[in-house]
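This briefing is intended for a reader at the bench. It treats charged pairs, a buried acidic residue, two helices, a surface patch and backbone angles in turn.

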Amino acid sequence: MTQLVWNGLFVGSFYALVALGYSMVYGIIKLLNFAHGDLYMLGAFAGFAILGAVGGVTSAMALPLLLAVLLATMALTGLAGVALERIAYRPLRRAPRLSLLITAVGASFALEYGMRAAAGADPRVYPVRLGGTSIEILGARITLQQLALVGVAVVLMAGLNLLVTRTREGRAMRAIALDPRTSALMGIDVNAVISRTFFIGSALAGAAGVMAGAYYGKIDFLMGFLIGLKAFTAAVIGGIGNIPGTMLGGLLLGLLESFGTFWLGGEWRDVFAFGVLILFLTVRPTGLLGERVTERV
């Protein structure tokens, strides 16, 4: 039981990091950015390129180097997210929602097959693989590398929560989420805040991509598709647009997958996850911590 809980929390931390970008963007401009999962893939490949350029990584320096690469990758994927918003989404911000949704799907395919053209279709083996000996805690086998990755995820999520709830930037984000027109009249640079929101959400997805590549050891150009759908599921479960709810949704989805795999078998893992999404949309469409809101016109 303890092992299942730990496995679920470990996977759920990845889901939560990616889902936060979905939730932040939707909370501010009501856009389902289906290209967000591909920024996770882009982060994994950016980390792969940086680590490949460094070369000759010993096991002793693997974790410190990976943390440095993590920061560099967050900056790169954050800028990629800003470029995506500026080129693909900002010109259509006043267009019908369906136009934005189709654009997001097109952007997703562009990122996936652009990476396929650049890096090839074959999976790549990550230059740094986090392995190591495991320790036993309450009956669960846990590696120090797993603890480090979960710790990084917790720090990033806690930092985001503080940013949104305790800083001037966070107050601007919350104001735009409530009423962008009034926020602009009050002197808030709406476009700049939205760009910074894309930067933060994309940076978190890129961090998750590097961590997944280093832990699982293999990346490919389609790796962002499924986790993008899982992250969307996590955001819906927790309450899309709600930061603490999204974190909770990611962890809960990881736990549900862990126990569902144990009960039903690994081949039912994705079916179980999306079955839970359908259940939540039927029973509680606003998610665990989401609230019903009246859309302004």
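Is Arg93 buried, exposed or partly exposed? Arg93 is partly exposed, with a relative accessible area of 27%. The model discussed here is predicted, and a search of the whole structure finds 4 salt bridges.

**Salt bridges around Glu85**

- Glu85 and Arg93 meet through their side chains in a salt bridge, at 2.5 Å from N to O.
- Arg90 also forms a salt bridge with Glu85, and the closest N and O atoms of that pair are 3.2 Å apart.
- Glu85 is buried, having a relative accessible area of 1%, whereas its partner Arg93 is partly exposed.

**The pair Glu257 and Lys230**

- A salt bridge brings together the side chains of Glu257 and Lys230, with an N to O distance of 2.7 Å.
- Glu257 belongs to helix H10 (residues 243-264) and Lys230 to helix H9, so this pair ties together parts that are 27 residues apart in sequence.
- Both partners are covered: Glu257 is buried at a relative accessible area of 2%, and Lys230 counts as buried at 3% relative accessibility.
- Returning to the earlier group, salt bridges with shared partners join Glu85, Arg90 and Arg93 into one network.

**A buried acidic residue without a salt bridge**

- Asp38 is located in helix H2, which comprises residues 36-54.
- Although Asp38 is buried, it has no salt bridge.
- The nearest side chain of opposite charge to Asp38 is that of Arg116, 12 Å away; a salt bridge requires a nitrogen-to-oxygen distance within 4 Å, so this separation does not qualify.
- With neighbours within four places in sequence left aside, the contacts of Asp38 are Ser108, Leu111, Glu112, Gly224 and Phe225.

**Helix H9**

- Helix H9 covers residues 223-238, a run of 16 residues.
- From its first C-alpha to its last, H9 reaches 23 Å, close to the 22 Å expected at 1.5 Å a residue.
- H9 is mostly covered, since 13 of its 16 residues are buried; Lys230, described above, lies in this helix and is buried.
- Gly239 follows H9 and has a positive phi, near 115°.

**Helix H5 and the nonpolar surface patch**

- The end C-alpha atoms of H5 are 32 Å apart, which agrees with the 33 Å that its 23 residues should span at 1.5 Å a residue.
- Buried residues of H5 include Gln145, Gln146, Leu149, Val150, Val152 and Ala153.
- Further along H5, Leu156, Met157, Leu160 and Val164 are also among the buried residues.
- Ile135, Ile137, Leu138, Leu144 and Leu147 make a nonpolar surface patch of about 460 Å².
- Strand S2 (134-137) and helix H5 (144-166) are the elements that give two or more residues to this patch.
- Leu144, one of the patch residues, lies in helix H5.

**Positive phi outside glycine**

- Lys30 has a phi near 55°, a positive value in a residue other than glycine.
- Lys30 is placed in the loop between helix H1 (2-29) and H2.
- The relative accessible area of Lys30 is 28%, so this residue is partly exposed.

Definitions and conventions: Residues are numbered from 1 along each chain as its sequence is written. This is a predicted model: local features need pLDDT of at least 70, side-chain atom pairs count only at pLDDT 80 or more; totals for chains, interfaces and linings use all residues. Side-chain values use heavy atoms; hydrogens and water are left out. Helices (H or I, at least four residues) and strands (E, at least two) are DSSP runs, numbered from the N terminus. Buried means under 20% relative accessible area, exposed over 50%, partly exposed in between (1.4 Å probe, protein chains only). Lys and Arg count as positive and Asp and Glu as negative; His and the chain ends are not counted. Contact means heavy atoms within 4.5 Å. Patches are made of residues with over 30% relative accessible area and no salt bridge: like charges are joined within 9 Å, nonpolar side chains (Val, Leu, Ile, Met, Phe, Trp, Tyr) within 5 Å. Accessible areas come from the Shrake-Rupley method with a 1.4 Å probe; for residues, only the protein chains shown count as cover. The expected span of a helix is 1.5 Å times one less than its number of residues.
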